[in-house]
Amino acid sequence: MMMGSDVNHQRVKANGIWMHVAEKGSGPLVLLLHGFPETWFSWHRQIDFLAAHGYHAVAPDLRGFGDTDSPLSPSSYTWFHIVGDLVALLDHFSVHQAYVVGTDWGAAAAWHMSLLRADRVKGTVALSVPFTPRFARAKPLESMKQKYGDGFYVCQFQEAGRAERALARYDCATVMKKLLLINKAEMVVAPPGTEIIDYLETPSVLPAWITEEEINVLAEKFEESGFTGGFNYYRALNLNWELMAAWQGAKIGVPAKLIVGTKDMGYRSGGTKEYIESCVFKSLVPDHEIVVLDAHHFIHLERADQVSQEILSFILKLS
């Protein structure tokens, strides 16, 4: 039986776009938000687990991904758009509040939903990406260029069409392996004259926590949709910085759990470890707990069972 075959799929009109949603189970709603390069499918193990434990697991393809609409302009990927999509989904299911779980860009979306619409969030579980303050003195792209140079992957993703053309030289399964299975301790910075996707290695053998079938499910969907929607999240960084000025210094007002991996390239070289242990993070997210696992960036795949248990224990504590 195909993975996820007993999951219900529907298209929902939300915030002016059509969104694809995968769902299973009944009970309190748990919203599962994927990152890049992913779709709802990367949560398939957690969907089964949560449904079996009495919860309504809802995993959308975020705007720009999978079978959800993908607006062309990066200006359509602000946090107001993303959070608006998610609030509209809760309205569609006639649910006032949900537990919100996210990884990578989905974690950032979960934090911003907790910031902008705390009244709709019972609690937040964020994987790999902590809530970060808005630095008033410099736009994010300028800060990244100054720190890492033009070869930094986020900087390479900015020019419309550049990263898309680079990725198009590979089949999508290879792209998935290169991006999902990064095994570098340092932040990903390509040498001068080299594209990030060329710089990243292609593993000859898959780790035990992901299968060729799972890689291919994701690859087939990106073969259809392309990668521009995902890149638009990176291309909206400076615009989001401008629009979020009024929330400078604002705190997260809902209970939160942060799960990070010690092998994630951002954990040590990106300063995540020092930041989440600092008084700054404690002041911005007053009600939080931190779980550190021996894992890379995509923890929900690599430590699927443990992450599922961590989500459940967090929910039960708030119930």
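Q: What makes Gln156 and Phe157 part of the lining of the largest cavity?
A: In this predicted model, the largest cavity is lined by Gln156, Phe157, Ala163, Ala166, Leu167, Leu179, Glu195, Ile196 and Ile197. A lining residue has an atom within 4 Å of a cavity point. Gln156 and Phe157 are on the list, so they meet that cut-off.

Q: Which helix gives the largest share of that lining?
A: Helix α6 does, with three residues. Both α6 (162–167) and α8 (196–199) supply at least two.

Q: How do you know how the lining of the largest cavity divides by class?
A: Ala, Leu, Ile and Phe count as nonpolar, Glu as charged, and Gln falls among the others, as polar. The lining therefore divides into seven nonpolar, one polar and one charged.

Q: How many cavities of 30 Å³ or more does the structure hold?
A: Two. The largest has about 60 Å³ of space. The second largest has a volume of about 30 Å³. Among the residues lining the second are Phe41, His44 and Glu214.

Q: Why are β1 and β8 called edge strands?
A: Eight strands form an open sheet in the order β1-β2-β4-β3-β5-β6-β7-β8, with mixed pairing. Strands β1 (8–14) and β8 (288–293) each pair on one side only.

Q: What makes β6 and β7 a pair?
A: Pairing needs at least two bridges. Four bridges join β6 (residues 121–127) to β7 (residues 256–261), so the two strands pair. They run parallel. Val125 has Lys257 of β7 as its bridge partner.

Conventions:
Residues numbered from 1 in each chain as written. Predicted model: local features only at pLDDT ≥ 70, side-chain atom pairs only at ≥ 80, totals over all residues. Heavy atoms only, no water. 1 Å grid on protein atoms, 1.4 Å probe; cavity = no way out; pocket = protein on both sides within 12 Å on 5 of 7 lines; lining within 4 Å. Points joined across faces, edges and corners; volume = space filled by probe spheres on them.
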